[in-house]
Amino acid sequence: MSRGECSSIRAASDVGTAVELGAVVSQWVGRVVPHEGYMLAAVDPVTGVGCFLAREHGYSQAAARRLIVGDRSDGDHPYPFDRRARQSRVGVFNTDAPGLRRNEAMRDVMLDQGVGSELRIALAHAGTMWGGLVLLRPRGARPFSADESVQAQRLARDIVAAMRRYAAAAPPEPSGLALPPGVLVIGTGGGAIAAERVVAATPSAREWLDELGTRPADALTTSDPPVESIVWILTQTVRTTDKPAMTRVPTKRGWIVLNAQPLTGGTDVAVTVQPAVGTDLLPAMAFWHGLTPKERAVVEQVLEGLAAKQIARRLEMSPHTLNDHFKSIYRKLGVSAREELIARLLR
C-alpha cells in the first residue's frame, strides 16, 4: 500500500458523512482509474442490505432504480452487489465498444443517461461482502480497459478498509437522537416497483431520515424519493424476498437500525427506524470494528449480565485469556472498562 493510499484510508475516519467518504474514495481511485461519475454503496455485512450510499455525476435517481430492479429481476448482471462473493470481482459494461453488455433494456438506460462505459467493483474481503463501487464514463469517452479493471480490483481491499474506518468512526453505541421510533409505510400506488412512494409516516420519521442523510428534505412529500434512500433499498429487499429485512447504519451520533416487513393483505411495506441497541447493534458493529468471533461471543455474554468467571466457564477459556479478549475489545471499541462497554451498547 502506498503512502497516498494509507493517507486516504486514514482520512475516511475524519469525514462526517457518506457523501464525503465517497468523494475521498473517488478522488483516490481516480488517480489510477479516471472516471466521470461514481456510486459507492456499503451493505450491512451481516444482512447484506444497503446501509449507506454516495454518488456524484452518476445515473439519475430514476435510472439507478431501473438498473437495480433490472439486475435483480432479469439476472443479467454477473456481478450483483447483493451476492456474497468470496473475493472482489470487477466487470466492465459498454454500450457501444466491445466487451460485456447488459440486456437491451438495461443498455437503453445507459444510453439515455449518456453513459458509455461502466466499471463495477464488488467489494468483498475475507469472505464478507462490504458493498460495491460503480465508476462511469460518458458516451464518446474511452471505455474502461482490461488493465484498468485489474487496477481497480487491486484497490478493492483498500476501499473496504476506508469504508470500515469510516463506519468504525461512528460512536459504538445506539444513536443519541432523542425521538420515538419512526414508522413509514411504503407503497407503489399500483405502479412499478421502482416508483415507490411514502403512503404514511409518523411525525418522527422525517427527523430519523434526516439523520441518515440520504434524501432531500421534501422526500416524504414526493412520489419519487431518491434511490440513495436506505429505506428504498430496504423495501426492495423485502419485495424481492417476501421476508423481513434489516440494516444498521453508522451516523455521527451512533448507530441506527431499520427493520422492514411486508404488510398483510397488500403490497405495502412497513419500515421502522430507531436506535440500534444491544443485540441489534452488536452483530454489524462487530464486523465494522474487526471484533473476532471470540471477542463478539465475550461481548454477548457481557450483555447477558454474566460475571467474568461465568463467561470464562461458558466459553471454555482461562481467566487470563478472557482478560486478553477484554483488552482487545476495549481497544477496538474505544472504551476503558466493562461498565462503559455495557453503558454504551445498552444506552
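User: Which residue of β9 stands opposite Thr247, and in what sense do β8 and β9 pair?

Analyst: In this predicted model, Thr247 stands opposite Leu258 in β9. Strand β8, residues 245–251, and strand β9, residues 254–262, pair in the antiparallel sense.

User: What makes β8 and β9 a pair of strands?

Analyst: Two strands count as paired if at least two bridges are found between them. Between β8 and β9 there are 7 bridges, so the requirement of at least two is met and they are called a pair. The two strands are joined by a hairpin, which passes from β8 to β9 through 2 residues.

User: How do you know that β9 also pairs with β10?

Analyst: The same test applies, since at least two bridges are needed. Strand β10, residues 269–275, is joined to β9 by 7 bridges, and these two strands run antiparallel, so they too are a pair by that rule. Here Pro262 stands opposite Val269 in β10. The hairpin of β9 and β10 has 6 residues between the strands, and in this hairpin Gly265 takes a positive phi near 75 degrees.

User: Why are Ala18 and Leu21 in α2 called buried?

Analyst: A residue is called buried because its relative accessible area is under 20%. Ala18 and Leu21 are buried in α2, as are Gly22, Val25, Ser26, Trp28 and Val29. Over the whole chain, buried residues make up 51% of the 347 residues.

User: Why do the buried residues of α2 line one face of the helix?

Analyst: Seen down the axis of α2, its buried residues fall within an arc of 165 degrees, and therefore they line one face. In general, an α-helix has 3.6 residues a turn, so residues three or four places apart point the same way.

User: What span is expected for α2, and what does the model show?

Analyst: The expected span is 1.5 Å times one less than the number of residues. Helix α2, residues 18–30, has 13 residues, for which 18 Å is expected, and from its first C-alpha to its last α2 reaches 18 Å, close to that expectation.

User: How many helices and strands does the chain have, and what is its mean pLDDT?

Analyst: The chain has 12 helices and 10 strands. Its mean pLDDT, the predictor's confidence on a scale from 0 to 100, is 84, and 82% of its residues reach 70 or more. However, pLDDT stays under 50 over residues 216–220, for which the model has 12 contacts beyond four places in sequence. Over residues 223–228 the pLDDT is also below 50, and this stretch has 27 contacts beyond near neighbours in sequence.

Technical notes. Residues numbered from 1 in each chain as written. Predicted model: local features only at pLDDT ≥ 70, side-chain atom pairs only at ≥ 80, totals over all residues. Heavy atoms only, no water. Contact = heavy atoms within 4.5 Å. Helix = DSSP H or I, 4+ residues; strand = E, 2+ residues; numbered from the N terminus. Buried < 20%, exposed > 50% of the residue type's maximum accessible area, 1.4 Å probe, protein only. Arc of directions from axis to C-beta.
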